[in-house]
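Here are some notes to read beside the structure. Please keep the sequence open as well and find each residue as it comes up.

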Amino acid sequence: MKTNKIHKLTIAALLVAIGILIPMVSPVKLVLEPASFTLASHVAIFIAMFISPMIAIAVALGTAVGFMLGGFPVIIALRALTHVVFAGIGSYVLFKKPDILQSAVKTQIFSFLIGVLHAFCEVAVVSVFYFGGGMTTAYYAQGFLQSVFLLVGAGTIIHSMIDFMLAHVVWKTLMSRNSFAATMAKIK
């Protein structure tokens, strides 16, 4: 029992570290003023989602705290904090219906729905800043529809789905190794 808790804690800590490190060092960043997207920045959270709801929530919270401590703007840290919502809900759904990840079609549909939830939460945070006057002039120059709804909303759906697929490939590769799959079976 104690080993199980240590495994969970270790996996969550490693995923938090990866989730904080990727946005800081990734050379693949797409900047479409006023939004920006970093490839693989959600991979650690999605992998945590595949493990358990508690690990997913812990990793989402840990990465959000990492963004706050890393000196990122408040809006970015709050956007990261919203990941708790899609990570928790998504992981709970996968916990109840693990067969979703066994079908390519179901996986794509699930990825899209999680992307929509992800985007909804981030658009909500950005909207509060947009209407509260806390945005840079680039947001206001392009208007709400383009800068918030399209760039943040639609962009987040696409970004989320790409990162989900990357995480799914990594997860399937890890699960194909007997020792890793056995460890995961013990901690669930």
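**Notes on the model**

1. Begin with Val 65, which at 40% relative accessibility counts as partly exposed, because the class covers values between 20% and 50%. Val 65 belongs to helix H3. Please keep in mind throughout that the model is predicted.

2. Val 65 is one member of a nonpolar patch on the surface. The other members are Leu 61, Met 68, Leu 69, Val 74, Leu 78 and Leu 81, and together the patch has about 620 Å² of accessible area. Which helices each supply at least two residues of the patch? They are H3 and H4. The largest share, four residues, comes from H3.

3. Helix H3 runs over residues 53-69 and has 17 residues. From its first C-alpha to its last, H3 reaches 24 Å, close to the 24 Å expected at 1.5 Å a residue. Just after H3, Gly 71 takes a positive phi of about 80°.

4. H3 also has buried residues: Pro 53, Ile 55, Ala 56, Val 59, Ala 60, Gly 62, Thr 63, Ala 64, Gly 66 and Phe 67. When you compare these positions with those of the patch, a general point helps. An α-helix has 3.6 residues a turn, so residues three or four places apart point the same way. What do the buried residues of H3 pack against? Their partners are helix H1 (2-25), helix H2 (43-51), H4, helix H5 (83-96) and helix H8 (178-187).

5. Next come the charged pairs. How many salt bridges does the structure hold? There are two salt bridges. Side chains of opposite charge can pair when their charged atoms come close.

6. One salt bridge joins the side chains of Glu 122 and Arg 79, at 2.7 Å from N to O. This pair links distant parts of the chain, with Glu 122 in helix H6 (residues 104-131), Arg 79 in helix H4 (residues 74-81), and their positions 43 residues apart in sequence. Are the two residues buried or exposed? Both Glu 122 and Arg 79 are buried.

7. In the other salt bridge, the side chains of Lys 106 and Asp 99 meet at 3.2 Å, N to O. Lys 106 is partly exposed, with a relative accessible area of 42%. Asp 99 is partly exposed too, at 39%.

8. Thr 107 sits in helix H6. Its relative accessibility is 3%, so Thr 107 counts as buried. A polar atom of the Thr 107 side chain lies 2.7 Å from the backbone oxygen of Ser 103. Neighbours within four places in sequence aside, Thr 107 is in contact with Ile 100, Leu 101, Gln 102, Phe 164, Met 165 and His 168.

9. Finally, look at His 159, in helix H7 (residues 137-175). His 159 counts as buried because its relative accessibility is 9%, and the class takes in values under 20%. Which backbone oxygen lies 2.8 Å from a polar atom of the His 159 side chain? It is the backbone oxygen of Thr 38. With neighbours within four places in sequence left aside, His 159 is in contact with Phe 37, Thr 38, Leu 39, Ser 41 and His 42.

Notes:
Residues numbered from 1 in each chain as written. Predicted model: local features only at pLDDT ≥ 70, side-chain atom pairs only at ≥ 80, totals over all residues. Heavy atoms only, no water. Salt bridge = Lys/Arg side-chain N within 4 Å of Asp/Glu carboxyl O. Buried < 20%, exposed > 50% of the residue type's maximum accessible area, 1.4 Å probe, protein only. Polar contact = N/O pair within 3.5 Å; in protein donor to acceptor, adjacent residues only side chain to side chain. Contact = heavy atoms within 4.5 Å. Expected span 1.5 Å × (residues − 1). Patch = residues over 30% accessible without salt bridge, like charges linked within 9 Å, V, L, I, M, F, W, Y side chains within 5 Å. Areas by Shrake-Rupley, 256 points an atom, 1.4 Å probe, with all protein chains shown as cover.
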